[in-house]
Amino acid sequence: MDIYVVKQGDNVDYIAAATGVSAEQIIRQNQLVYPYELAVGQALFIEKPANMTEGKQKISLMVGGYAYPFISKWVLQQTLPFLSEFFIFSYGFDAEGNLLPPELEDTWMIELAEIYQVKTVLTLTPLGADGAFNNYLIQAVVNNKTAAQNLQKQLLAVMAEKGYHGLDIDFEYIFASDRDAFSAFVAETTQVMHTYGYTVSVALAPKTSASQSGLLYEGKDYRALGEAADSVLLMTYEWGYRYSPPMAVAPLHMVRKVVDYAVTEIPNKKIRLGIPNYGYDWPLPFESGVTSARTIGNIEAVRIAIDWGAVIQFDQTAQSPWFTYYESGKMHEVWFEDVRSLQGKFNLIKEYQLSGCGYWNLMQFFYANWLLLQENFQII
């Protein structure tokens, strides 16, 4: 038994007796807060006894995750033992290809990752001064060989100086007219990086067909980018986002559609599945262009349900937990991730024999996720 769903009248001691696992272990692994209240519908991770997992063959998996330099040192220390790679977010650049470092120093993160023998990856994004993706910056560099070479040269210098092991190219909202130039830029950058022993990955918007319209999708050629890079990350999240109507962040039926398409263009051994480590809390009624959801952690979501006496539901199509609650007379709707929704994604990785997964993001520690991941896969 990996997962126990809380019923009316349950408490930790009853669940411990029913599952044969100590109350202390359930509390610790599910990050329960004293006095250890539970929400009806809450999914708990229940670790299998060692004699049930010994000798069990597990699929090997590369596991990565993104974090900003302001991540808590404690959170990073708790998370690193479960990672293969650690993506530091992010470096930027200007129109001439000059590399721009993060606002906060990243050296301490690299040094800490080295202690845990986790490879660090420099994430490159075209973020403008306003913090938004700037497609004009992309256009300026991918269409200018001098700027592109300048950027590659500066990347190599910083990666060598700081001890990075790889590069991740996360460019979003690429103009359709720049699609081929971007693919060529990734291919050329990969060749340069390989010369010095570095790997290259590229983040891909969640397309379901080659002809999918929209600024998020038209500039990404799955086949060309899959050929150019060592691996790709499918950004299979943000269906539910800050300004959307309330819905699952990564509904499994939609994630499956993306994977269905991706494996027709890219070898499955190059594909890594994106997994969200967060949820959203929407105030209702929803008004397009006005309503803004609040980003919350998965542990925080359950605490909200407990505090307001909400019953957690589970959407069978999206394979995602959700609930509503009232605060000060205003209704809210919350969607988040739990061990049930995560197991659905892990099953998808196994079904399609993908090479890995990548978390956006690692800023909050969700212990049950990592334990469940470890029960499903051999992290390499």
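Start at strand E14 and select Pro321 together with Phe314, its bridge partner. This is a predicted model.

**Stop 1: the E13–E14–E15 strands**

Widen the selection to strand E13 (residues 313–315) and E14; the two run antiparallel and are joined by three bridges. They make a hairpin with four residues between the strands, and Gln319 in that turn has a positive phi of about 55 degrees.

Now add strand E15 (residues 330–335), which is antiparallel to E14 and joined to E14 by six bridges. One pair to pick out is Phe323 with Val334 in E15, its bridge partner. E14 and E15 also form a hairpin, with two residues between them, and in this turn Ser328 takes a positive phi of about 55 degrees.

Next, select Ser320, in strand E14 (residues 320–327). Is Ser320 buried or exposed? Ser320 has a relative accessible area of 1%, so it counts as buried. Its side chain reaches the backbone oxygen of Phe336 at 3.2 Å. Show what lies around Ser320: beyond residues up to four places away in sequence, it touches Ala248, Gln313, Phe314, Asp315, Trp335, Phe336 and Ser341.

**Stop 2: strand E7 and its partners**

Select strand E7 (residues 166–169) and display the side chains. Gly166 and Asp168 point one way, Leu167 and Ile169 point the other way, and all of them are buried. On to the pairing: strand E6 (residues 119–124) runs parallel to E7, with four bridges between them. Leu124 is the residue opposite Ile169 in E7.

Strand E8 (residues 199–204) is also parallel to E7, again joined by four bridges. Asp168 has Ser201 in E8 as its bridge partner. Trace the chain from E7 through H8 to E8: this β-α-β crossover is right-handed.

While there, select Ser183 in helix H8 (residues 179–195). With a relative accessible area of 7%, Ser183 is buried, because the cut-off for that is under 20%. Apart from neighbours within four places in sequence, Ser183 is in contact with Asp221, Ala224, Leu225 and Ala228.

**Stop 3: the largest nonpolar core**

In soluble globular proteins, nonpolar side chains tend to be buried together. Here the largest nonpolar core has 104 residues, and the members that touch the most others are Phe86, Leu124, Phe182, Phe185 and Leu373. Helix H7 (residues 145–162) supplies the largest share of this core, seven residues.

Centre on Phe86. Which residues is Phe86 in contact with, leaving aside its neighbours within four places in sequence? They are Gly65, Ala67, Leu76, Leu80, Met109, Ala113, Val118, Lys119, Thr120, Val121 and Leu362.

**Stop 4: helix H1**

Finish with helix H1 (residues 12–19), and colour its buried residues Val12, Ile15, Ala16 and Thr19. Why do they lie on the same side of H1? They cover an arc of only 105 degrees around the axis, which puts them there. An α-helix has 3.6 residues a turn, so residues three or four places apart point the same way.

Bring up the cover over the buried residues of H1, which includes strand E1 (3–5), helix H2 (23–29) and strand E2 (43–45). Then rotate to the face turned away from the buried side, where Asp13 and Ala17 are exposed.

Last, check the two ends. Asn11 caps the N-terminal end of H1, with a side-chain oxygen 3.1 Å from the backbone nitrogen of Asp13. Just after H1 comes Gly20, with a positive phi of about 75 degrees.

Key:
Residues are numbered from 1 along each chain as its sequence is written. This is a predicted model: local features need pLDDT of at least 70, side-chain atom pairs count only at pLDDT 80 or more; totals for chains, interfaces and linings use all residues. Side-chain values use heavy atoms; hydrogens and water are left out. Buried means under 20% relative accessible area, exposed over 50%, partly exposed in between (1.4 Å probe, protein chains only). The arc is that of the directions from the helix axis to the C-beta atoms. Contact means heavy atoms within 4.5 Å. A polar contact is a pair of N or O atoms within 3.5 Å; within protein, one must be able to donate a hydrogen and the other to accept it, and residues adjacent in sequence count only if both atoms are side-chain atoms. A nonpolar core is a set of buried Ala, Val, Leu, Ile, Met, Phe, Trp, Tyr and Cys residues joined through side-chain atoms within 4.5 Å. Two strands pair if DSSP finds at least two bridges between them. A crossover is right-handed if, with the strands pointing away from the viewer, the path from the first strand over the helix to the second runs clockwise.
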